[in-house]
Amino acid sequence: MQTYLLSQQFNGSFLAENSTTCPENATICDGTSCVLPEDNFNETLSVVLSTVLTIMLALVMFSMGCNVELKNFLGHIKRPWGIFVGFLCQFGIMPLTAFLLSVAFNILPIQAVVVLIMGCCPGGTASNVIAYWVDGDMDLSISMTTCSTLLAMGMMPLCLFIYTKMWTDSDAIVLPYDSIGISLVALVIPVSLGIFVNHKWPTKAKIILKVGSIVGAILIVLIAVVGGILYKGSWIISPKLWIIGTIFPAAGYLLGFFLARLSGLSWHRCRTVSLETGMQNTQLCSTIVQLSFSPEQLELMFTFPLIYSIFQLLFALLILGGYRLYRRHRVKTKTDVEKTEQKEESTSNAKINGGFVSNETK
């Protein structure tokens with residue numbers, strides 16, 4: 001039907017000039033009506049890129065696993081205080097924030113639902129890559145991502161049931177449990193292999209980790225660019241969704257950090273929980289949206305997961321840049337203090353040694 005309507009629009013201009021001529025690639029032509037073949041470029045590109053990105057993601061998660069110590073990882077599982085704080089952030093803070101933003105901006109019901117779906121999704125694997133670059137707790141990061149993906153099978157339906165009542169029937173939302181399961185398998189298997197490599201060959205694991213962290217950074221940017229190419233025709237949406245897409249990830253990062261700090265976690269774990277909270281599995285959100293709504297409804301909200309993805313990446317890069325500047329300044333300051341202490345010590349020694357000062361401390 002869509003192809004036929006497009007052909008009719010084409011007929012209005014083309015056949016007005018020559019009513020007996022059809023394009024060479026027309027599949028049906030009777031002189032007054034031409035039906036053109038569907039353009040499968042986007043569909044083919046999506047399949048190819050999805051395959052490539054899945055393979056790259058598995059390799060990245062394998063390299064991230066090479067930075068995980070089995071003893072520390074099991075320690076988080078046995079004493080799951082950090083994981084519990086992450087759970088509160090992931091399925092407590094994020095859905096509530098999504099609900100409050102939807103009410104505050106008074107968006108359409110269908111738009112509020114997609115914002116809530118995003119808030120109820122588990123953490124994304126990109127958080128593991130950024131956590132590595134900000135010297136976070138990789139053992140906690142991996143365990144949080146794994147646990148949130150596993151718990152999403154039960155927590156997503158519960159959160160959507162609680163928060164979407166005022167806008168739609170939660171039964172209308174289709175949860176792709178197979179996609180969640182695939183995400184879990186794609187996370188657990190490569191990470192497990194990485195942990196095994198780190199346990200057996202720690203030297204080789206460090207090399208794999210360095211390569212994988214660079215590939216992971218490239219992959220994050222690539223996913224955002226690919227999304228922009230595939231869905232370039234869906235960018236015209238309500239400005240309110242743009243604003244929410246900007247505020248939402250920033251709120252997730254900040255609230256996650258503050259709750260982790262209030263819970264008594266160390267600074268590097270606070271950074272980890274913050275990233276795990278703000279960075280959502282946007283691919284899963286897009287899948288749920290496509291399975292649950294009609295093409296007419298998708299026009300109003302389909303691009304929101306991509307908008308969220310762009311801004312969660314942008315804020316993550318700002319966090320990374322700020323942390324790197326802080327670290328460089330801190331190391332520089334610490335070095336200056338050490339030099340000053342050494343000079344003062346040498347001066348005091350000079351008084352004892354009759355005024356002699358070593359050339360190394362001048």
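**Entry 1. Methionine 155**

I looked up the surroundings of methionine 155 in this predicted model. Leaving out residues up to four places away in sequence, I found that methionine 155 touches Phe87 and Phe91. Methionine 155 belongs to helix α7. I noted a relative accessible area of 17% for methionine 155, which therefore counts as buried, the limit being under 20%. I also took the C-alpha to C-alpha distance from methionine 155 to glutamine 90: the two are 9.9 Å apart in space and 65 residues apart in sequence.

**Entry 2. The cavity**

I next searched for enclosed space and counted 1 cavity of 30 Å³ or more. Its volume is about 60 Å³. Which residues line the largest cavity? I listed Ile83, Gly86, Phe87, Gln90, Phe91, Met144, Cys147, Ser148 and Leu151. Two elements, α4 and α7, give two or more residues to this lining. α4 gives the most, with 5 residues. I sorted the lining by residue class and obtained 6 nonpolar, 3 polar and no charged residues. Phe87 and Phe91, which methionine 155 touches, are among the lining residues, and so is Gln90.

**Entry 3. The nonpolar cores**

I then turned to the largest nonpolar core and found 41 residues in it. Those with the most contacts inside this core are Val115, Ile117, Met156, Phe248, Val289 and Phe304. I recorded the elements that each supply at least two of its residues: α4 (81–105), α5 (109–120), α7 (138–163), α10 (239–262), α12 (282–292), α13 (295–301) and α14 (304–352). Which helix gives the most to this core? It is α5, with 9 residues.

I examined methionine 156 separately. Setting aside neighbours within four places in sequence, I found methionine 156 in contact with Ile117, Cys120, Cys121, Pro122, Leu175, Ile180, Leu284 and Ile288. I also noted a second, separate core of 25 residues, which includes Val68, Ala126, Val129 and Leu209. As general background, nonpolar side chains tend to be buried together in soluble globular proteins.

**Entry 4. Threonine 97**

I checked threonine 97, which is placed in helix α4. Is threonine 97 buried or exposed? Its relative accessible area is 11%, so threonine 97 counts as buried. Beyond residues up to four places away in sequence, threonine 97 touches Phe248, Ala251 and Leu255. Of these partners, Phe248 is listed with the residues that have the most contacts inside the largest core.

**Entry 5. Leucine 265**

I located leucine 265 in the loop between α10 and α11 (267–278). Leucine 265 has 4% relative accessibility and therefore counts as buried. Not counting residues up to four places away in sequence, I found that leucine 265 touches Trp81, Gly82, Val85, Ala260, Cys270 and Val273. For one of these partners, valine 85, I took the C-alpha to C-alpha distance to leucine 265: it is 9.1 Å, across 180 residues of sequence.

**Entry 6. Helix α6 and two positive phi values**

I went through helix α6 (residues 126–133) and found 7 of its 8 residues buried. They are Ala126, Ser127, Asn128, Val129, Ile130, Ala131 and Tyr132. Ala126 and Val129 also appear in the second core.

After α6 comes aspartate 135, with a positive phi near 60°. Aspartate 135 is in the loop between α6 and α7. With 30% relative accessibility, aspartate 135 counts as partly exposed.

I recorded another positive phi, about 50°, at asparagine 106, which is not a glycine. Asparagine 106 is in the loop between α4 and α5. Its relative accessible area is 61%, so asparagine 106 counts as exposed. I noted both phi values because most residues other than glycine have a negative phi.

**Entry 7. The whole chain**

I closed with totals for the protein chain. I counted 14 helices and 2 strands. Of the 362 residues, 43% count as buried. Among contacts between residues at least 6 apart in sequence, 79% join residues at least 24 apart. The accessible surface comes to about 19600 Å², and 65% of it belongs to carbon and sulfur atoms.

How values were computed: Residues are numbered from 1 along each chain as its sequence is written. This is a predicted model: local features need pLDDT of at least 70, side-chain atom pairs count only at pLDDT 80 or more; totals for chains, interfaces and linings use all residues. Side-chain values use heavy atoms; hydrogens and water are left out. A nonpolar core is a set of buried Ala, Val, Leu, Ile, Met, Phe, Trp, Tyr and Cys residues joined through side-chain atoms within 4.5 Å. Buried means under 20% relative accessible area, exposed over 50%, partly exposed in between (1.4 Å probe, protein chains only). Helices (H or I, at least four residues) and strands (E, at least two) are DSSP runs, numbered from the N terminus. Contact means heavy atoms within 4.5 Å. On a 1 Å grid over the protein atoms alone, a cavity is a set of points where a 1.4 Å probe fits but cannot get out, and a pocket is an open set with protein on both sides within 12 Å along at least five of seven lines; lining residues have an atom within 4 Å of a point. Grid points are joined across faces, edges and corners, and a volume is the space filled by probe spheres set on the points. Ala, Val, Leu, Ile, Met, Phe, Trp, Tyr, Cys and Pro count as nonpolar, Asp, Glu, Lys and Arg as charged, and the others, Gly among them, as polar. Accessible areas come from the Shrake-Rupley method with a 1.4 Å probe; for residues, only the protein chains shown count as cover.
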